[in-house]
Amino acid sequence: MFFASDNWAGAHPLISECLTKEAAGFASAYGTSDLDRSIEARFSDIFETDVAVFYVATGTAANSLALASLARSGGVTFAHSEAHVIEDELGAPDFFSGMRMVEVSGSLGKMNPASLKAQIIRFPQDAIHHGRANSISLTQATEQGTIYDLSEIETLTQIARENGLGVHMDGARFANALVALDATPAEMTWKRGVDVLSFGGTKNGCWCAEAIVFFDPAKAREMSFIRKRAAQLFSKSRFISAQLAAYLDNDLWLDLARHANSMAGRLRDGLAASNTARLAWDSQSNEVFAVIPRHTAKSAENKGAKFYEWPIPKDLGETVHEDETLIRLVTSFATTSDEVDRFLQVLQQD
Ligand SMILES: Cc1ncc(COP(=O)(O)O)c(C=O)c1O
């Protein structure tokens, strides 16, 4: 019963097989092999435009270096107050970009457009002492398992454009959001004003595959240098390409994300029907948040369930009793319905 995170799941067998197949023989290094070039072309097909693609080792590196590519001295980036770039990356985005991350409020993990505007106004372009607005970073799917619909993305990117700011999307769970919206990769990104995407594969069945994708290759000119200086240029980058070859082939990535989302749906249905637990809010991707009694959480853990207790967001605060706790449950390509049903039974048994 592994619901701690989707990065606890291993790698999908087709991805492992492709890695093994590519392990033999020789190929030129540092992203110049035929396989690397073919995957870059594949990304351009998938996004229906010429893109520039840069692999990095982690989602944190992708976010940090993507923001570094948008940065100017004294720049400020705006992100939701619970965004991974603010809460969980130990200041790496600030460190690599030299910018300051400023929090924007909004319910259910989504930046509120009025709050974004109010924050941008605080950092005019001539603000030599406090910093000048530079970019926004939005997470899709969000850290609360919710999803910005296409018009919500457009509203935020429009505000960014009106203020001359760049737009980054943290897509650690890009595929989960995409299939939930039933949108195309182009519709959820550059057609809605996104400049640069952190494209995550690790949480959705890859061993380790994260890419920074630029929708205007001209804006990627500095990135080769930014990445090398951050010690993120893989010599054997063909092994990232090998994973992505299998990941993108026959839409495996979308099937894996659909499976993870449907397992989350099964969990949500079970929790909604439960008399010991309740859904904290309605998430739409592969992350589910539930309020359960503390003793139920303990006994589920004793029976082998893995999950994290989660900080209670402000807007939920008063509805959670002191004997209760908020838990986050994350499903993955490897979650089975049996595992979900066993977990729901464990909650009922307490
Ligand atoms: C929304 C989001 N962005 C980025 C990351 C960063 O990933 P990594 O742990 O590979 O640095 C995570 C990982 O949990 C995440 O949930």
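Trainee: How much area do domain 1 and domain 2 bury between them?

Mentor: The size of an interface is often given as the accessible area lost when the parts come together. Here domain 1 and domain 2 bury about 2000 Å², 58% of it on carbon and sulfur atoms; buried area is the accessible area (1.4 Å probe) that two parts lose on being put together, summed over both. This is a predicted model, in which local features need pLDDT of at least 70 and side-chain atom pairs pLDDT 80 or more, while totals for chains, interfaces and linings use all residues. Residues are numbered from 1 along each chain as its sequence is written, and side-chain values use heavy atoms, without hydrogens and water.

Trainee: Where do the two domains lie in the sequence?

Mentor: The domain assignment gives domain 1 as 12-251 and domain 2 as 253-349; such bounds come from an automatic or database assignment. Their centres, taken over C-alpha atoms, are 28 Å apart. The contact (heavy atoms within 4.5 Å) takes 27 residues from domain 1 and 20 residues from domain 2.

Trainee: How many salt bridges does the rule find across this interface?

Mentor: A salt bridge is a side-chain nitrogen of Lys or Arg within 4 Å of a carboxyl oxygen of Asp or Glu. The rule finds one across the interface of domain 1 and domain 2.

Trainee: In what order do the strands of the open sheet run?

Mentor: Strands are DSSP runs (E, at least two residues), numbered from the N terminus, and two strands pair if DSSP finds at least two bridges between them. The order is β8-β9-β11-β10, with antiparallel pairing. β8 (278-279) and β10 (308-309) each have a single partner strand, so one side of each lacks a neighbour in the sheet.

Technical notes: Helix = DSSP H or I, 4+ residues; strand = E, 2+ residues; numbered from the N terminus.
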